[in-house]
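Visitor: I'm new to this one, so could you walk me through it slowly?
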Amino acid sequence: MPALAAPMAGRRRGGWSLAARNAAFGYVLMLPSILFFLVLIAYPLLQTFWISLHRMSTLTRQGEFVGLANYRALLESADFWGAFGQSLVWTVCCLALQMGLGIGFALVLNARLTFRPAARALVLFPYLLSTVVAVLVWQWLFNDMYGYLNYLIEEYGLSDGPVNWLGQSPNAMISTILVAGWKHFPFVTIAVLARLQGIPPALYDAARIDGASAWSRFWDITLPQLRPVLAMVIILRTIWDFKEFDLIFMMTGGGPRSSTETLPLLIYKEVFPKLSMGSGAAIAMVMLVIMVAFFWVYAGQYDREERARSR
Amino acid sequence: MAAITLNGIRKSYGPHTVVENLSIDVNRGEFLTLLGPSGCGKSTILRMIAGLDSPTDGGILFDGQRVNDVDPARRNVAMVFQSYALYPHMTVRQNLEYPLRKRGVPKARRAGLVDDVAAILRIGPLLERRSSQLSGGQQQRVALGRAMIRDPAVFLFDEPLSNLDATLRAHMRAEIIRLHLRLGKTMVYVTHDQIEAMTMSTRIAVLDGGRLLQLGTPDEVYARPATRFVAGFVGTPRMNFIPGALVQGDAGCVFRADGLTLDVPVPSLAPSGRQVVAGIRPQDLLPAEGGLPGRVTLLESTGQEVLVTAALGSQEVVMRLEDANGLRVGDTVGLAPRPGKLHLFDAESGERVGP
């Protein structure tokens with residue numbers, strides 16, 4: 001028998017232990033992410049905060065340090081509170097509409113349909129469409145002079161005169177919410193559908209034998225099984241709806257008379273037409289705080305429930 | 001308790017027929033096993049009895065009443081699934097209560113029933129655990145409990161033990177047999193495992209390709225398999241098959257195969273020259289002076305028995321002995337079937353020939 005090769009006893013490269021070398025390698029792998037985080041997230045965030053403490057022109061980016069004056073002005077401004085309220089209405093209504101449509105369509109598409117593959121592709125369509133194109137199409141549909149919706153309404157005698165879809169409050173907000181609901185519900189559908197297909201069919205068989213009606217089966221099996229994905233979708237959609245800019249901006253520009261002006265549009269108005277970069281930055285910081293607070297409360301709530309269930 | 005009648009059941013999915021003209025009477029309180037390889041239609045039959053699938057043709061009767069159009073919830077059946085199908089987001093207690101809740105049983109009575117079932121199945125300490133946190137065996141017990149709790153007329157089992165390891169499977173097998181003795185309910189059990197079928201059943205229905213091949217007690221199915229398929233499917237180690245023909249010998253009919261003459265008297269009613277396959281179970285093949293010469297090619301000892309594989313002409317056969325008696329690979333041993341234990345099947349149809 002040949003002698004076994006002697007192990008490389010005590011030969012540590014650079015005198016480092018194996019664990020230390022593994023750890024060092026781990027840090028090296030993390031370095032790019034840390035760098036990206038610092039350059040692309042931490043730095044702009046700190047800079048925005050720094051700008052919000054100045055009275056600064058957008059053009060010169062020069063200005064004096066004013067401390068929290070921009071924040072104080074915000075809290076006293078009717079524009080801010082108006083936009084805040086509109087943001088709330090916008091986010092809640094958009095979310096409700098998107099969740100309702102999204103779950104509804106997912107349930108339909110999960111059923112055995114003849115045209116299921118085609119229907120699945122079609123349902124993605126609004127989500128894939130560029131916002132500019134979608135807005136142009138909807139503006140044409142909504143047009144009070146030659147829009148197709150008003151044509152239909154008159155054709156079927158549903159209203160006395162043409163409806164002013166976008167030029168009147170609260171119509172403008174409602175119309176824009178409808179478009180946002182239509183545009184973004186496919187995201188919810190896709191996420192929910194993926195989960196629905198992962199629910200074992202035997203659970204439904206068992207429930208049928210146990211005496212559960214179709215409604216009970218949805219309530220007792222489908223919905224609890226969807227909970228984790230719904231929690232994720234709600235968080236993402238809330239964040240995205242809350243900071244929605246392009247769709248509202250192109251649809252109504254915030255009007256009529258600021259009735260669809262949400263916080264992102266107010267930031268734009270402060271920073272560009274008004275050239276007041278400092279107060280725009282202050283609104284952005286307030287938005288950030290609101291989102292973080294929402295995230296905190298919501299994630300905490302979900303966590304507590306999950307822990308209570310698993311006990 | 002209910003008697004189940006399957007009357008000329010056919011089930012097709014488009015052009016594909018899964019179950020063909022099946023008629024079985026399941027007696028009250030009987031433990032009937034549907035045994036067959038995967039894809040033989042046994043689970044589909046069970047699902048039709050449960051009401052989860054509808055037959056394309058034919059009638060399903062419970063105690064003489066046609067139930068084809070009766071909702072699963074109203075058939076008073078309970079089913080145990082291969083995957084257990086426990087509601088993963090509910091606790092064990094909630095799982096057990098679910099069928100009661102859906103039937104409007106009041107809360108106090110529900111609690112009492114849960115305690116009874118938990119005591120029988122010894123799952124009391126698990127009641128407040130979430131079902132997804134249980135081991136396979138524990139989940140299986142809870143699934144049994146959920147089936148028992150509403151005292152159904154019929155229990156249906158869809159390969160309930162196939163996800164368990166061997167020890168646990170043997171244990172749960174005994175548990176289900178005890179449950180049947182205790183409750184005396186009609187039970188229909190689907191499995192591809194012939195050991196389960198043999199040990200648990202009152203009667204076994206052997207299926208292949210959607211057709212019923214044999215319906216009988218475990219002993220009947222084992223001792224007188226109706227077809228070559230049944231003979232090969234039931235019994236471990238598998239029955240030895242030797243293709244050959246029935247020819248006229250000096251003293252009546254003999255079986256002759258490929259250079260071998262199995263000089264065994266077979267019933268004279270078998271027609272001469274007919275192509276047949278002879279089947280001999282490994283324990284019915286004995287070493288004998290002057291038997292057919294077999295060369296030993298493999299010895300497998302399990303401690304309590306020895307499986308001897310021997311080449312017999314161009315055939316390999318397996319013999320089950322209590323003791324190798326000094327046999328070694330390469331030895332030649334004389335082989336003879338135990339008298340009266342030779343099975344003959346038609347080479348074409350696979351049907352049993354003779355008594």
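Guide: Let me begin with a term: a salt bridge is a side-chain nitrogen of Lys or Arg within 4 Å of a carboxyl oxygen of Asp or Glu. This is a predicted model, in which local features need pLDDT of at least 70 and side-chain atom pairs count only at pLDDT 80 or more, while totals for chains, interfaces and linings use all residues. Residues are numbered from 1 along each chain as its sequence is written, chains are lettered from A and ligands numbered from 1 in the order in which they are written, and side-chain values use heavy atoms, with hydrogens and water left out.

Visitor: OK, how many salt bridges are there between chain A and chain B?
Guide: The rule finds 4 salt bridges across the interface of chain A and chain B. One example joins Asp220(A) to Lys102(B), with the closest N and O atoms 3.0 Å apart. Between these two chains there are also 10 residue pairs in polar contact, both residues being at pLDDT 80 or more; a polar contact is a pair of N or O atoms within 3.5 Å, where, within protein, one must be able to donate a hydrogen and the other to accept it, and residues adjacent in sequence count only if both atoms are side-chain atoms.

Visitor: Which elements of chain A give two or more residues to the side that touches chain B?
Guide: They are helix 9 (201–209), helix 10 (214–242) and helix 13 (277–310) of chain A, where helices (H or I, at least four residues) and strands (E, at least two) are DSSP runs numbered from the N terminus. Helix 9 of chain A gives the largest share of that side, 7 residues. By class, the side of chain A that touches chain B has 8 nonpolar, 4 polar and 7 charged residues; here Ala, Val, Leu, Ile, Met, Phe, Trp, Tyr, Cys and Pro count as nonpolar, Asp, Glu, Lys and Arg as charged, and the others, Gly among them, as polar.

Visitor: And how many residues does the contact take from each chain?
Guide: The contact, meaning heavy atoms within 4.5 Å, takes 19 residues from chain A and 26 residues from chain B. The buried area, which is the accessible area (1.4 Å probe) that two parts lose on being put together, summed over both, is about 1900 Å² between chain A and chain B, with 52% of it from carbon and sulfur atoms. On the chain A side, Arg208(A), Ile209(A) and Asp210(A) lose the most area to chain B, together 36% of what that side buries.

Visitor: Switching topic, how is chain A divided?
Guide: Chain A has domain 1 (19–65) and domain 2 (79–310), with bounds that come from an automatic or database domain assignment. Taken over C-alpha atoms, the centres of domain 1 of chain A and domain 2 of chain A are separated by 31 Å. Those two domains of chain A bury about 840 Å² between them, 80% of it given by carbon and sulfur atoms, and the rule finds 0 salt bridges across their interface.

Visitor: What about chain B, what domains does the assignment give there?
Guide: For chain B, the assignment gives domain 1 (4–232) and domain 2 (237–346). Their C-alpha centres lie 39 Å apart, and domain 1 of chain B and domain 2 of chain B bury about 720 Å² between them, 57% of it on carbon and sulfur atoms. On the side of domain 1 of chain B, Tyr222(B), Arg228(B) and Ala231(B) supply 67% of the area buried against domain 2 of chain B, more than any other three residues.

Visitor: Back to salt bridges, how many are there over all chains?
Guide: A search of the whole structure finds 23 salt bridges over all chains. Among them is the pair of Asp79(A) and Lys269(A), whose closest N and O atoms are 3.9 Å apart. Asp79(A) lies in helix 3 (residues 78–110) of chain A and Lys269(A) in helix 12 (residues 263–271) of chain A, so this pair ties together parts that are 190 residues apart in sequence.

Visitor: Are there any in chain B, say with Arg203(B), and is that residue buried or exposed?
Guide: Arg203(B) and Glu30(B) meet through their side chains in a salt bridge (2.4 Å, N to O). Both Arg203(B) and Glu30(B) are buried, where buried means under 20% relative accessible area, exposed over 50%, and partly exposed in between (1.4 Å probe, protein chains only). Elsewhere in chain B, Arg122(B), Arg141(B), Glu175(B) and Arg178(B) are linked in a network of salt bridges.
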